[in-house]
Amino acid sequence: MTNLPPDPTDPTGTPAWAALSAHLEELADQGVDLRSWFAAEPGRAADLTFQAADLRVDLSKNLVLPQTLAHLTDLAEQIGLAGRIEAMFAGQHINVTEDRAVLHTALRRPPGAARLIVDGQDVGAAVAAELDKFCDFAERVRSGALTGSTGRAFDTVVNIGIGGSDLGPAMAYQALTEYHGPIRARFVSNVDPSDVASTLAELDPETTLFIVASKTFGTLETLTNARLARSWLLELLGARGAITSADDAADAVARHFVAVSTAKDRVAQFGIDPANAFGFWDWVGGRYSVDSAIGTVLAVALGPTVFRDFLSGFAALDAHFRTTPFGRNVPVLMGLINIWYVDFWDAHAHAVLPYSQYLARFPAYLQQLTMESNGKSVRWDGSPVTTSTGEVFWGEPGTNGQHAFYQLLHQGTELVPADFIAFANPQAPLADGGQDVHELLLANFIAQTSALAFGKTAAEVRAEGTAEALVPARVFTGNRPSTSIMAPALTPATLGQLIALYEHITFVQGAVWGIDSFDQWGVELGKVLAGQVTPALAGDESALTRLDASAQAMIKYYLATRRRPSGRSAR
């Protein structure tokens with residue numbers, strides 16, 4: 001192994017950790033009261049509001065005092081966060097279990113950045129060349145220079161992937177709805193056949209382009225769906241008389257399918273022209289890959305200019321993270337505050353609440369980013385963790401969530417820190433009887449964080465004339481923490497900034513916990529076992545007997561219950 005980081009520092013053994021523990025006890029004795037803190041600190045909101053590129057981030061409604069943040073930044077120093085940040089940007093092999101660099105930040109380095117040589121490769125030049133390649137392809141599709149096998153221009157691009165090869169592009173495409181053009185995008189990920197069937201049902205094979213996104217070109221779900229799409233294409237083109245020979249079929253696949261993969265031999269075996277395979281590198285994890293060639297679907301559907309603007313947003317937040325002192329560094333502070341809640345307040349869930357319908361898939365995207373990265377129980381040296389790690393990320397757009405789960409946030413027994421995200425300028429500036437509807441949305445955005453922070457006392461409830469028997473039910477304890485993030489508008493650049501913000505928050509937490517945030521061995525075992533279960537589902541009795549009793553019972557029920565088309569058996 002080369003360029004490996006030093007063994008992680010046990011955070012619980014640092015002076016800062018001891019100081020934080022003592023500080024928590026002091027707060028318990030004094031009482032945590034955001035109302036009194038705001039009253040005693042007139043400048044609290046200003047002092048705890050920071051700018052990161054275009055993002056205005058208000059941390060003032062978190063359960064922190066100036067000494068809390070001082071102890072947390074001391075913790076960052078004592079575990080060597082600055083060195084680990086530099087190690088990542090420099091291409092050291094901080095992904096220890098796979099002996100790899102972690103260089104998703106290299107995918108969005110601005111033009112003119114200094115050369116970056118890692119493991120003998122000019123990473124900047126390689127990234128720029130691949131970016132130019134798939135952006136040029138996208139432009140030729142958009143211009144009509146590249147067409148389907150019958151000569152018609154493409155009007156739909158279907159991205160077939162799963163995990164990071166789907167969540168990022170699908171989320172970004174929805175988020176950037178205002179930038180949609182004549183070529184629409186669709187996404188297929190689930191191996192549930194209803195996913196691909198329902199998607200293809202509305203499409204015309206003559207005008208549909210498929211992007212098969214799989215680094216190894218061996219992902220079971222992706223390749224299964226790709227084969228189903230290929231069969232659909234050939235069957236319908238054949239029915240229209242557009243395919244009359246094997247050569248026609250091969251030409252149709254070559255014209256209608258491209259790949260995002262480095263396994264060019266497998267790509268060719270599928271029937272895709274290897275020249276239309278766009279690659280990325282083993283130092284790009286799937287959940288960090290939306291700004292790589294995995295974003296080809298975005299370049300096609302939204303245009304290369306939009307995609308490059310998207311990259312510029314990542315780069316702006318990268319620069320903030322790498323160069324800003326910890327006391328004003330937004331992803332560092334947010335990551336450390338999350339450590340404060342997880343390990344000192346015993347809070348293990350985190351809500352992300354975008355007040356933008358276009359960001360409806362953003363919480364789901366963050367689930368993979370954060371939980372696949374930091375859902376670990378061993379540190380990067382193989383020793384057990386000494387703290388709780390990871391959080392359950394979840395959320396829905398406001399105001400929908402207000403009518404669903406906000407009850408728990410306000411009055412439940414669980415402490416759930418929440419991030420509220422909004423934009424000053426709306427995507428759809430509409431009015432209802434003279435009322436700016438975006439202002440109605442933002443009123444809820446602001447009011448919810450205030451209600452969580454300050455609550456409502458029994459005295460205030462009584463003053464409203466509430467019957468005494470109902471007073472306890474209408475009291476809000478407050479002191480429920482939240483962070484407010486606002487940007488001028490939801491643009492490609494601000495979306496890139498938001499994604500990079502959470503990438504770096506995740507990095508900070510992993511660094512403190514001493515875990516490898518860039519492997520994902522936990523997703524592998526289920527895949528292996530699924531390969532053993534599949535023959536049993538097809539009726540292989542010898543395979544069935546090798547499974548556990550619960551699995552056997554479920555499969556027997558399935559075999560007895562499954563209705564199959566006439567002429568097909570379970571075997």
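This is a conversation between a student and a tutor about a predicted model.

Student: Let's start inside the protein. Why is leucine 233 called buried?

Tutor: The relative accessible area of leucine 233 is 0%, and buried means under 20%, so leucine 233 counts as buried. This leucine is found in helix H9 (residues 220–239).

Student: What does leucine 233 touch, not counting residues up to four places away in sequence?

Tutor: Leucine 233 touches Pro205, Ala252, Val253, His256 and Phe257. For one of these, Ala252, there is also a C-alpha separation: 8.1 Å from leucine 233, with the two positions 19 residues apart along the chain. Contact is judged on heavy atoms within 4.5 Å, so a C-alpha separation of 8.1 Å does not rule it out.

Student: Which residues touch the most other members of the largest nonpolar core?

Tutor: They are Leu81, Trp283, Phe362, Leu495 and Tyr502, in a core of 123 residues. Helix H20 (residues 492–513) gives the largest share, 12 residues. There is also a second, separate core of 26 residues, which includes Val196, Trp232, Ile272 and Ala277.

Student: What are the contacts of leucine 495?

Tutor: Leaving out residues up to four places away in sequence, leucine 495 touches Met171, Ala172, Ala175, Leu176, Phe310, Leu359 and Leu490. Met171, Ala172 and Ala175 are also among the buried residues of H7.

Student: What makes helix H7 "mostly covered"?

Tutor: Count its residues: 8 of the 9 in H7 (residues 167–175) are buried. They are Leu167, Gly168, Pro169, Ala170, Met171, Ala172, Tyr173 and Ala175. Their packing partners are S6, helix H12 (296–302), helix H13 (304–323), helix H15 (362–374) and H20.

Student: How do you know that strand S12 is largely enclosed?

Tutor: In S12 (residues 418–423), 6 of the 6 residues are buried, so the strand is largely enclosed by the rest of the structure. Look at the two faces in turn: Ala418, Phe420 and Ala422 are buried on one side, and Asp419, Ile421 and Phe423 on the other. In a regular strand, side chains alternate between the two faces of the sheet.

Student: What are the pairing partners of S12?

Tutor: S12 pairs in the parallel sense with strand S10 (residues 349–354) over 4 bridges. Its pairing with strand S15 (residues 482–487) is also parallel, over 6 bridges. Two bridges are enough for a pairing, so the 4 bridges with S10 and the 6 with S15 both qualify. On the S10 side, valine 352 stands opposite aspartate 419; on the S15 side, phenylalanine 420 stands opposite serine 484.

Student: Why are S6 and S9 called edge strands?

Tutor: Strand S6 (184–188) and strand S9 (277–278) each pair on one side only. They belong to an open, parallel sheet of 5 strands in the order S6-S5-S7-S8-S9. Within that sheet, strand S7 (residues 208–213) and strand S8 (residues 257–260) pair over 4 bridges, with alanine 213 partnering valine 260.

Student: Now to charges. What makes glutamate 460 and arginine 35 a salt bridge?

Tutor: Their side chains come to 2.8 Å, N to O, and the cut-off is 4 Å, so the pair qualifies. This pair links distant parts of the chain, 425 residues apart: glutamate 460 is in helix H18 (residues 458–463) and arginine 35 in helix H2 (residues 34–40).

Student: Are those two residues buried, exposed or partly exposed, and what are the values?

Tutor: Glutamate 460 has a relative accessible area of 33%, and arginine 35 has 31%. Buried is under 20% and exposed over 50%, so both count as partly exposed.

Student: Why is arginine 115 called exposed, and what is aspartate 122 called?

Tutor: Arginine 115 has 66%, and exposed means over 50%, so that label fits. Aspartate 122, at 23%, is partly exposed. Their side chains meet in a salt bridge of 3.2 Å, N to O.

Student: How are arginine 140 and aspartate 136 placed in helix H6?

Tutor: They are 4 residues apart in H6 (residues 123–143), so about one helical turn separates them. Their closest N and O atoms are 3.2 Å apart, in a salt bridge.

How values were computed. Residues are numbered from 1 along each chain as its sequence is written. This is a predicted model: local features need pLDDT of at least 70, side-chain atom pairs count only at pLDDT 80 or more; totals for chains, interfaces and linings use all residues. Side-chain values use heavy atoms; hydrogens and water are left out. A nonpolar core is a set of buried Ala, Val, Leu, Ile, Met, Phe, Trp, Tyr and Cys residues joined through side-chain atoms within 4.5 Å. Buried means under 20% relative accessible area, exposed over 50%, partly exposed in between (1.4 Å probe, protein chains only).
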